[in-house]
Amino acid sequence: MQSVQRRHFITSLALLLSASGLLTGCAAAQRLRVGIHPWIGYEPLYLAEYFGWLDDSVELIKNTNASGSLIGLRQGALDAAALTLDEVLSAREQGVPLKIVMVFNHSVGADVVLARDDVQHLTQLRGKRIAAEKTAVGALMLARLLKAAGLGKHEVTILDIPPDSQLRAWQEGQIDAAITYEPTASRLAQLGGVRVFDSRAIPDTIMDVLAVMPGSSAQLVKAAVQGYLKGLEHIRLSRQDAVHRIAAWRNLSVSDVSRSLSGIHLPDLHANHAYLAENGDLLRAARQLGSTMLEAGLLKRSPVLDGLVDNRFLPINGNGY
């Protein structure tokens with residue numbers, strides 16, 4: 001309660017200073033702390049950091065998975081984070097007032113279920129141990145996987161193991177299958193993991209977005225978006241250079257990275273404007289996804305979508321605002 005009151009006080013003070021023309025000096029001292037973790041759809045932001053295309057006041061706070069970013073947002077340690085759409089909807093239901101300012105990607109096969117080679121059909125997952133991160137996207141993939149297999153939760157053993165810990169669990173024989181994504185997916189495949197299900201079966205469901213807390217510096221949010229778009233442009237114009245850098249960072253082969261990129265769609269600035277338009281594609285996806293999550297028990301009530309999308313931080317064109 002004290003934190004909410006403090007935020008309200010700071011917001012009121014900012015409005016007062018803005019009205020009196022005194023906010024400029026304060027804004028210059030602000031920072032934008034952005035939570036991020038390894039995922040192929042976020043690589044343009046890592047590229048932007050590497051090449052110096054991010055404002056010095058935009059700081060990438062690197063976690064090993066999305067859970068770390070969600071904790072940082074709840075504790076006030078982060079101002080923004082790279083998250084999936086369903087994670088944003090869950091966080092908002094839990095009182096974290098995030099708004100979406102950009103779409104990184106939507107998954108068209110990059111989120112996968114890998115199983116040991118004795119699983120030839122989904123029904124053979126009965127009685128198996130399945131690793132699934134205890135997040136909304138993990139639960140969503142699990143729900144769709146079990147539905148496709150015609151199995152109930154009681155017919156499998158679900159282990160809360162995030163992707164960054166799944167490799168060891170697989171090597172130690174603790175799991176028979178894993179709901180995962182890159183770079184873990186390629187590493188499990190190298191150990192004999194077989195793809196039995198992926199996000200192509202659930203189109204327009206798993207989307208990654210940049211979500212921002214109220215009170216964040218508008219100037220720095222715009223700078224983060226602009227930097228990301230430069231990183232995206234580098235992938236488009238200098239794909240081989242980008243792929244080789246990503247492969248080195250993630251300890252993957254160039255072919256692994258290329259395959260991962262083929263499993264996602266990275267919308268450009270024009271597509272982002274379409275996604276974030278009033279009654280645009282993102283809101284339609286959120287309504288559909290919210291219904292799916294409610295049905296699967298991942299939300300307690302239909303999500304309130306008012307204030308979910310804010311397109312004011314997107315450049316009008318590729319040259320600026």
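Start with the largest nonpolar core of this predicted model. Select Leu-83, Leu-85, Leu-98 and Leu-210: of the 71 residues in this core, these four touch the most other members. Now color helix α9, which supplies eight residues, the largest share of the core. In soluble globular proteins, nonpolar side chains tend to be buried together.

Next, center on Leu-98. Leaving aside neighbours within four places in sequence, Leu-98 is in contact with Leu-73, Leu-83, Val-88, Ala-91, Arg-92, Ala-211, Val-212, Met-213 and Gly-307. A separate core of 20 residues lies apart from the largest one; to find it, select Leu-125, Ala-132, Leu-142 and Val-156, which are among its members.

Return to α9, residues 218–237, and add helix α3, residues 43–50. How are the two helices set against each other? Their axes are 7 Å apart and the packing angle is about 100 degrees. Angles of 65 to 115 degrees count as roughly perpendicular, so α3 is roughly perpendicular to α9. Show the side of α3 that makes the contact: Pro-44, Leu-45, Leu-47 and Ala-48. From α9, show Ala-224, Gly-227, Tyr-228, Gly-231, Leu-232, His-234 and Ile-235. By class, eight residues of this contact are nonpolar, three are polar and none is charged.

Last, select Thr-180, in strand β8, residues 177–180. Is Thr-180 buried or exposed? Its relative accessibility is 2%, and buried means under 20%, so Thr-180 counts as buried. Add Gln-166: its side chain and that of Thr-180 are joined by a polar contact of 2.9 Å. Beyond four places in sequence, Thr-180 also has contacts that include Ala-110, Asp-111, Val-112, Leu-114 and Pro-163.

Note on methods: Residues are numbered from 1 along each chain as its sequence is written. This is a predicted model: local features need pLDDT of at least 70, side-chain atom pairs count only at pLDDT 80 or more; totals for chains, interfaces and linings use all residues. Side-chain values use heavy atoms; hydrogens and water are left out. Helices (H or I, at least four residues) and strands (E, at least two) are DSSP runs, numbered from the N terminus. Buried means under 20% relative accessible area, exposed over 50%, partly exposed in between (1.4 Å probe, protein chains only). A polar contact is a pair of N or O atoms within 3.5 Å; within protein, one must be able to donate a hydrogen and the other to accept it, and residues adjacent in sequence count only if both atoms are side-chain atoms. Contact means heavy atoms within 4.5 Å. Axes are lines fitted to C-alpha atoms, for helices over the stretch in contact, and angles run from 0 to 180 degrees between N-to-C directions. Angles under 35 degrees count as roughly parallel, over 145 as roughly antiparallel, 65 to 115 as roughly perpendicular and the rest as oblique. Ala, Val, Leu, Ile, Met, Phe, Trp, Tyr, Cys and Pro count as nonpolar, Asp, Glu, Lys and Arg as charged, and the others, Gly among them, as polar. A nonpolar core is a set of buried Ala, Val, Leu, Ile, Met, Phe, Trp, Tyr and Cys residues joined through side-chain atoms within 4.5 Å.
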